[in-house]
Amino acid sequence: MRYSAFSVLLNGLRGNRNWASAWRQPEAKSHYDVIIVGGGGHGLATAYYLAKEFGITNVAVLEKNYVGSGNVGRNTTIIRSNYLLPGNNPFYELSMKLWEGLEQDFNFNAMVSQRGVLNLYHSDAQRDAYTRRGNTMRLHGVDAELLNREAVHKMLPFLDFDNARFPIQGGLLQRRGGTVRHDAVAWGYARGADSRGVDIIQNCEVTGIRLETGHVTGVETSRGFIGCNTLALAAAGNSSQVAEMAGLKLPIESHVLQAFVSEGLKPFIDGVVTFGAGHFYVSQSDKGGLVFGGDLDGYNSYAQRGNLATVEHVAEAGKAMIPALSRVRVLRSWGGIMDMSMDGSPIIDRTPIDNLYLNAGWCYGGFKATPGSGYCFAHLIARGTPQETAAAFRLDRFQRGYLIDEKGQGAQPNLH
Ligand SMILES: Cc1cc2nc3c(=O)[nH]c(=O)nc-3n(C[C@H](O)[C@H](O)[C@H](O)COP(=O)(O)OP(=O)(O)OC[C@H]3O[C@@H](n4cnc5c(N)ncnc54)[C@H](O)[C@@H]3O)c2cc1C
């Protein structure tokens, strides 16, 4: 069923009783060409592009919970492509370009809103670093503007410009960055993949990976054994647990990250603003709630909830940037499990097991990567060679010393 203004009108007149389900609820077949573990954004996008771009439709996405229950429905919805390093920059720009055409492509309203992402700077040294980043972006054809204090003041007069400790000197703006309604992305990809023949099996947990002579033959699941020719892992925060079922130890730690939503307020923040002197990012949803977050909780965890010390830490950073936040009530908060890699960059690669593929290590930043990641992972699975913009995201780069350390933190996963 195609969605259009006409179908909205027609179904409205008929009492909205004739809408078809967005995707089927099929029983799993005994065997697939490709099984994808994880019905999050990346797993569903991979299935969508496998079917749409590469003609591989005998595919199942196995999701232990329901579609959208993982990080794809838990993030703070920010998309951007303001990366510095050559391994990252072209990939995130590919993803941004895919965002720009996504709603037309999968015929679903994901509320892609290019309202701008502004990173504040608070010192001369930070301005120089942002200038370098902005210049690099522009050299790669990505939009970037360095704003001085007056220009930021004009946009966001309520920021604490004269904060004694963190005065605001300006910001680096990417106007094409913005926000996307996160769960609609999962639903849009699920619907698009399903309509091309992909089976999305919810409430189906993968509990084991069956190997014969070093080759994956299928997966044990809570609904029984399902065979496959190719197995692709896209389990985000649970990546290490799932890879361990095949005997692989990944350079990944799982950490919890929290998100917060305030009560609804009159519109006052147009775009996304990030604090440069700590870790705080905020945007305002179309319903008026402030959507914000900060650092990881700082310990390894597989729990989808965090602790109060981090709530206080995030609130402090927010108030240092916008003092008026002290009057705002928080309505909701939740946590997600982050697959933190050792250099802060992802892995889209084959593994030492020949028909087992890995998509993992997305850290804080995997939502914006969803279209690019799905496309590049599908390319790798279908063609056997990496898509050119994702060629650096190799699993063996940690052994070879070719790290993609965007933040320059070293092998300290909780700091990336
Ligand atoms: C609070 C928070 C804020 C964030 N903010 C941003 C942001 O603003 N911008 C940004 O770019 N990124 C952000 N991220 C990161 C981003 O959400 C993730 O990197 C990205 O969503 C991960 O990919 P995914 O969507 O495939 O993950 P998920 O949605 O987590 O998908 C993985 C799926 O695998 C399933 N699974 C796991 N184990 C099994 C198993 N054994 N069998 C079957 N299924 C299994 C899980 O249930 C899950 O549904 C944020 C994350 C969090 C938690």
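This is a short talk on the fold of one protein chain, from its overall build down to single residues.

A word of caution to start. The model is predicted.

Let's take the whole chain. The protein chain has ten helices and 18 strands. Its radius of gyration is 21 Å, and the globule rule gives 22 Å for 416 residues, so the chain is as compact as a globular protein of that length. Along the principal axes, the C-alpha atoms fill a box of roughly 65 × 60 × 40 Å. Of the 416 residues, 49% are buried. Now the contacts. Take those between residues at least 6 apart in sequence: 75% of them join residues at least 24 apart.

Next, the sheet. Which order do its eight strands follow? Read across, and you get β5-β6-β4-β13-β14-β15-β12-β16. The sheet is open, and its pairing is mixed. The edges are β5, residues 145–148, and β16, residues 330–341. Each has a single partner strand, so one side of each has no neighbour in the sheet. On average, neighbouring strands are turned by 25° against each other, direction ignored.

Look at β12 in that sheet. This strand covers residues 252–264. On one pairing, six bridges join β12 to β15, residues 289–300, and the two run antiparallel. On the other, β12 pairs with β16, also in the antiparallel sense, over eleven bridges. L257 is a good residue to click on. Opposite L257 in β15 stands L296. In β16, the bridge partner of L257 is G336. Move along β12 to F260. The bridge partner of F260 in β15 is F292.

What lies across this part of the sheet? Helix α8, residues 308–321. The strands under α8 are β12, β13, β14, β15 and β16. Against β15, helix α8 runs at about 135°.

Now a helix pair. Two packed helices are described by the angle between their axes and the distance between the axes. Here the pair is α3, residues 89–106, and α9, residues 370–383. The angle is about 105°, and the axes are 7 Å apart. That makes α3 roughly perpendicular to α9. Who makes the contact? From α3 come F91, Y92, L94, S95, L98, W99 and L102. From α9 come P371, G372 and Y375. By class, that contact has eight nonpolar residues, two polar ones and no charged ones.

Contrast that with the start of the chain. How many of the nine residues of helix α1 are buried? Zero, so α1, residues 5–13, lies largely in the open. Just after α1 comes G15, with a positive phi of about 80°.

That brings us to backbone angles. Most residues other than glycine have a negative phi, and most peptide bonds are trans. Two residues here go the other way on phi. T77 is not a glycine, yet its phi is positive, about 70°. T77 sits in the loop between β2 and β3. Buried or exposed? T77 has 22 C-beta neighbours inside 10 Å, so it counts as buried. The other is N107. Its phi is near 55°, again positive in a residue other than glycine. N107 is in the loop between α3 and β4. With 14 other C-beta atoms within 10 Å, N107 is partly exposed.

Two more residues to finish. The first is V59, in strand β2, residues 59–62. Why does V59 count as buried? Because V59 has 26 C-beta neighbours inside 10 Å, and 20 or more is the cut-off. V34 is 25 residues away from V59 in sequence, but C-alpha to C-alpha the two are 4.8 Å apart. Set aside neighbours within four places in sequence, and V59 is in contact with Y32, D33, V34, I36, A47, L50, A51 and V198.

The second is L85. This residue lies in the loop between β3 and α3. L85 has 17 C-beta neighbours inside 10 Å, so it counts as partly exposed. Not counting residues up to four places away in sequence, L85 touches I404 and E406. From L85 to R133 is 48 residues in sequence and 8.8 Å in space, C-alpha to C-alpha.

Technical notes. Residues numbered from 1 in each chain as written. Predicted model: local features only at pLDDT ≥ 70, side-chain atom pairs only at ≥ 80, totals over all residues. Pairing = 2+ DSSP bridges. Helix = DSSP H or I, 4+ residues; strand = E, 2+ residues; numbered from the N terminus. Axes fitted to C-alpha atoms, helices over the stretch in contact; angles between N-to-C directions. Contact = placed C-beta atoms within 7 Å. Parallel < 35°, antiparallel > 145°, perpendicular 65-115°, else oblique. Nonpolar A, V, L, I, M, F, W, Y, C, P; charged D, E, K, R; others polar. Rg over C-alpha atoms; globule rule 2.2 N^0.38 Å. Buried ≥ 20, exposed ≤ 12 C-beta atoms within 10 Å, placed from the backbone.
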